[in-house]
Amino acid sequence: MPSTSLPRFLKMQAIKDSNVDFAVKGGGHATNPGFSSTRGIQISMSRFNKLAHVSNGETGELTVGAGCVFDEIYKFVRPMGYNVVGGGGSVGIGGWMTGGGFSLKTNQYGLGIDNLLQARVVLPNGSTVLTASASSNTELFWAIKGGGNNFGIVTEFVLRSHKQRGNGNVYGGLLTYDKARIERVKKAIIEFIDKKDPKATIVAAFRVYRNHGVQEYKFTVLAFYDDEFIFQQTNPFEKFLAIPHEGRLANSAYTTLDTAKSLLYNHISTKSTITLLKEDDYHLMSFPSAHIAGLSIMNGRARWGNVMVSKYTKNLIDVVQEEAEAARSLMDKYNGKMIVTDVWPFLSGMFDNSVDSAWPHKRGEPNGPLLLYFLWEGEENDKVWVDQMKTALGHISRIALAEGCTTATTPQYGNTSLNMDTPDQLTQIYGTANLQRLRVLRRRYDEFNVMGRTGGFRIPLAMGFEEYQ
Ligand SMILES: Cc1cc2nc3c(=O)[nH]c(=O)nc-3n(C[C@H](O)[C@H](O)[C@H](O)COP(=O)(O)OP(=O)(O)OC[C@H]3O[C@@H](n4cnc5c(N)ncnc54)[C@H](O)[C@@H]3O)c2cc1C
């Protein structure tokens, strides 16, 4: 792995010594403009792509180059009988991990950062490389677990891997329902949540595609069971299977199912620098059509947005549907291509194994992203769509508050946050105490504010006299 090679250091040194803006790009999946794209110098991590695994019983240690995307990671660990807490197949580990990392395995093992054992970080001075872990450079380790790209560039992560049950297989797939079935599926979701099986997860979504001017409205349920399904046992998704649908659930290698998950987020970045295609990235083959995928034909523009919720109620799911339909009504006039509003329920014990990290996620305080993803064409339509997302998120937040599904102080998840310019954004993500600690650490690790010239959620340096308790 070339992480300590001289030319790279020189490049970082040159950036540090100039005033040029720059960006660090992992998988390129952030949709907030400027987070990993730039008009200055872009440092792409794609060649930091080595992987190594050490098995050790129920868990193992997986070393991952910071330029890897999850498809590569899953394919690598699977033959060894292990798996990791990871994201969608095409997502880069760099941004996913440094932002927190929600996974289909989160109900069992927590977030990505709860399974991070070590990271190698090139500090913003361009000449110091530190290994951070629970026993070495511990404050830096704490800071990069959710602190984003504020503390330098991570070149390598070491993750705890978990033995994959079910002979390396999981059970699941993507079920698609017509609009007429939506009420029945919503009822099945509420019943599913009540079952509280940590191995069984769903991500449901209201989706509208507009292709060649024709809209298609579907409701999908991604079902994921973290084990093989044996015929004699009760199917955790039986209620969903009982409703007429397209698609099927099956035992399969984790990576195959993950491709189905990628479909959920069928997305295009707002920027031209995105690297989706890798040699064998079959994720792209799952796109329904080249028009939706934006391959060569479409100049897609898209944004994520989220409301963080601890649980779902029927009223909350209703409003998620309502907002998909409200956005749908704008698609023809403002060249909308895809509207996705998600229902991704987690269990109340999701953070039972959480470790202290810059992104606050405490035992007994469950908190997962209710996601919106809108995709459209034409820069002239940006404002309409971003405003529509703000309206939708505001409405969903109000209902979530009224239903007791969120609180005014629930931490926001930066990785899929729409907002990037509100004054209290950093406090909303980190909380007052963690933000202050991060500011002090910023001063320690980046005294010349080099990372201040990159995009992302910028944590300001503490003044010289400021400390944290
Ligand atoms: C298809 C899709 C599926 C998704 N699924 C999930 C999911 O299951 N769970 C979830 O939690 N989120 C998910 N997300 C959101 C995802 O976590 C964020 O988009 C994340 O930022 C992507 O990381 P990246 O490296 O691909 O992005 P990039 O755009 O490359 O990077 C995002 C940010 O991280 C910084 N960064 C990247 N690499 C490094 C590095 N090595 N060192 C320092 N900083 C770095 C960049 O500078 C940038 O600010 C998904 C997004 C998409 C588009």
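This is a short talk through one structure: its sheet, the helices on that sheet, a pocket and a salt bridge.

Okay, hi everyone. Before anything else, keep in mind that what you're looking at is a predicted model.

Let's start with the sheet. It's an open one, built from seven strands, and if you walk across it you go β12, β9, β11, β10, β14, β15, β13. The pairing is antiparallel. As a quick reminder, strands in a sheet pair through backbone hydrogen bonds.

So which strands stand at the edges? Those are β12, residues 250–253, and β13, residues 300–309. Each has a single partner strand, so one side of each is left without a neighbour in the sheet. The sheet also twists as you cross it: on average, neighbouring strands are turned by 25° against each other, ignoring direction.

Stay with β13 for a second. Its partner is β15, residues 368–377, and 10 bridges join the two, running antiparallel. If you want a spot to click on, find Ala 302, which stands opposite Leu 375 in β15.

Now the helices. Helix α10, residues 314–328, packs on the sheet and touches β10, β11, β13, β14 and β15. Its direction makes about 175° with that of β14. Then there's α6, residues 182–195, which lies across β9, β10, β11 and β14 and runs at about 155° to β10.

Next, the largest pocket. Its volume is about 540 Å³. There are 30 lining residues, and the closest to the centre are Pro 360, Lys 362, Glu 365, Thr 409 and Pro 411. Two elements give two or more residues to that lining, and we've already met one of them: β13 and α12, residues 425–445. The largest share comes from α12, with eight residues. What's the lining made of? It divides into 11 nonpolar, 15 polar and four charged residues.

Last stop, salt bridges. How many are there in the whole structure? The search finds 19. Take Lys 105 and Asp 226, whose closest N and O atoms are 3.1 Å apart. Lys 105 sits in the loop between α3 and α4, and Asp 226 in the loop between β11 and α7, so this pair ties together parts that are 121 residues apart in sequence.

That's my tour, thanks!

Technical notes. Residues are numbered from 1 along each chain as its sequence is written. This is a predicted model: local features need pLDDT of at least 70, side-chain atom pairs count only at pLDDT 80 or more; totals for chains, interfaces and linings use all residues. Side-chain values use heavy atoms; hydrogens and water are left out. Two strands pair if DSSP finds at least two bridges between them. Helices (H or I, at least four residues) and strands (E, at least two) are DSSP runs, numbered from the N terminus. Axes are lines fitted to C-alpha atoms, for helices over the stretch in contact, and angles run from 0 to 180 degrees between N-to-C directions. Contact means heavy atoms within 4.5 Å. On a 1 Å grid over the protein atoms alone, a cavity is a set of points where a 1.4 Å probe fits but cannot get out, and a pocket is an open set with protein on both sides within 12 Å along at least five of seven lines; lining residues have an atom within 4 Å of a point. Grid points are joined across faces, edges and corners, and a volume is the space filled by probe spheres set on the points. Ala, Val, Leu, Ile, Met, Phe, Trp, Tyr, Cys and Pro count as nonpolar, Asp, Glu, Lys and Arg as charged, and the others, Gly among them, as polar. A salt bridge is a side-chain nitrogen of Lys or Arg within 4 Å of a carboxyl oxygen of Asp or Glu.
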